[in-house]
Amino acid sequence: MSQTAIVTPSPLKQWWLKWRFHLNILLILLPLGFMPKYFADQKLFRGESGLGANMLENVQVGPWSVSLAELRDEAPRQDGPAGYFKTFNLALCQACVGEVKAVYLRIGKPRSLRAAGTIFFGTPYRMATSLPVPERTRGDAELWITLEGWDGAMHQAAVPLAKASPATLAWLNKQGGK
């Protein structure tokens, strides 16, 4: 006569056998919580939701006009030893697309075209640049937009930093900018 021994599974194995289906469902549902932000970012990068946050339309720069916006309504991000950077987007007006050669952005008035700031890149309807933001920038600083035409003409306009990027101004105040 043979006796078979009945082996009872350990408590951990019993728990796993009972709850594995529910844990798998949780692993499927968890990423769905992040989907709205993902789709909002994709919409922004495709240009379907405008240029970004705090958009300033029809900023007059000489005979031309531009629309300027910060990419996201957040503080500048640190990029290693290079310091803090803020991303801005810009769109040229329909009439000046063929006339503008280059667009630059800088905090503070540029001394010359050689020190005009960071250059925008991309299509004329959605250009982008990463602007370095020094930690000691004053709260009343201005962003200077410089447009260079194909005929060599250079036009500049200033926009208050508080108007173009309130998040950057709040960050500067928190940093104790002087």
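# Getting to know this predicted model

User: Is Asp41 buried or exposed?
Analyst: In this predicted model, Asp41 has a relative accessible area of 18%. The cut-off for being buried is under 20%. Since 18% falls under that mark, Asp41 counts as buried.

User: Which helix is Asp41 found in, and how many Å apart are Asp41 and Arg72, C-alpha to C-alpha?
Analyst: Asp41 is part of helix α2, which covers residues 35-46. Along the sequence, Asp41 and Arg72 are 31 residues apart. In space, their C-alpha atoms are separated by 9.7 Å.

User: What does UniProt list for residues 21-40, and what percentage of that stretch is helix?
Analyst: The UniProt record, an unreviewed entry, gives residues 21-40 as "transmembrane region". In the model, the C-alpha atoms at the two ends of that stretch are 31 Å apart. Strand makes up 0% of the stretch, and helix makes up 75%.

User: Which residues line the largest pocket, and which element gives the most to that lining?
Analyst: The largest pocket holds about 190 Å³ of space. Its lining includes Leu71, Arg72, Glu74, Phe85, Lys86, Thr87 and Ser130. Two elements give two or more residues to it, β3 (77-78) and β4 (84-92). The one that gives the most, with 3 residues, is β4.

User: How many residues of that lining are charged?
Analyst: Arg72, Glu74 and Asp79 are among the residues lining the largest pocket. Sorted by type, the lining has 4 nonpolar and 3 polar residues, and the charged ones number 5.

User: How many residues are in the largest nonpolar core, and which touch the most other members?
Analyst: The largest nonpolar core has 30 residues. Those that touch the most other members are Leu90, Leu92, Val103, Leu143, Ile145 and Leu147.

User: What is Ile145 in contact with, leaving aside neighbours within four places in sequence?
Analyst: Ile145 belongs to the group that touches the most other members of the core. Leaving those sequence neighbours aside, its contacts include Leu90 and Val103. Others on the list include Val59, Val61, Val66, Leu68, Tyr104, Leu105, His155, Gln156, Ala157 and Val159.

User: Where does Ser65 lie, and is Ser65 buried or exposed?
Analyst: Ser65 lies in strand β2. Not counting residues up to four places away in sequence, Ser65 touches Asn58, Val59, Gln60, Leu92, Cys93 and Cys96. Because its relative accessibility is 15%, Ser65 counts as buried.

User: Asn58 is one of the residues Ser65 touches, so what is its phi?
Analyst: Asn58 is found in strand β1, residues 53-61. At 59% relative accessibility, Asn58 counts as exposed. Although Asn58 is not a glycine, its phi is positive, at about 55 degrees.

User: Is Lys163 buried or exposed?
Analyst: Lys163 sits in helix α3. Not counting residues up to four places away in sequence, Lys163 touches Asn54 and Leu56. Because its relative accessibility is 54%, Lys163 counts as exposed.

User: Which residues of α4 are buried, and what covers them?
Analyst: Helix α4 spans residues 166-175, and its buried residues are Ala167, Thr168, Leu169, Trp171 and Leu172. What covers them includes β2, β4 and α3.

User: Which residue just after α4 takes a positive phi?
Analyst: Helix α4 covers residues 166-175. Just after α4 comes a positive phi of about 85 degrees, and the residue that takes it is Gly176.

Note on methods. Residues numbered from 1 in each chain as written. Predicted model: local features only at pLDDT ≥ 70, side-chain atom pairs only at ≥ 80, totals over all residues. Heavy atoms only, no water. Core = buried A, V, L, I, M, F, W, Y, C linked by side-chain atoms within 4.5 Å. Buried < 20%, exposed > 50% of the residue type's maximum accessible area, 1.4 Å probe, protein only. Contact = heavy atoms within 4.5 Å. 1 Å grid on protein atoms, 1.4 Å probe; cavity = no way out; pocket = protein on both sides within 12 Å on 5 of 7 lines; lining within 4 Å. Points joined across faces, edges and corners; volume = space filled by probe spheres on them. Helix = DSSP H or I, 4+ residues; strand = E, 2+ residues; numbered from the N terminus. Nonpolar A, V, L, I, M, F, W, Y, C, P; charged D, E, K, R; others polar. UniProt positions renumbered as here; feature names shortened; annotations may be inferred.
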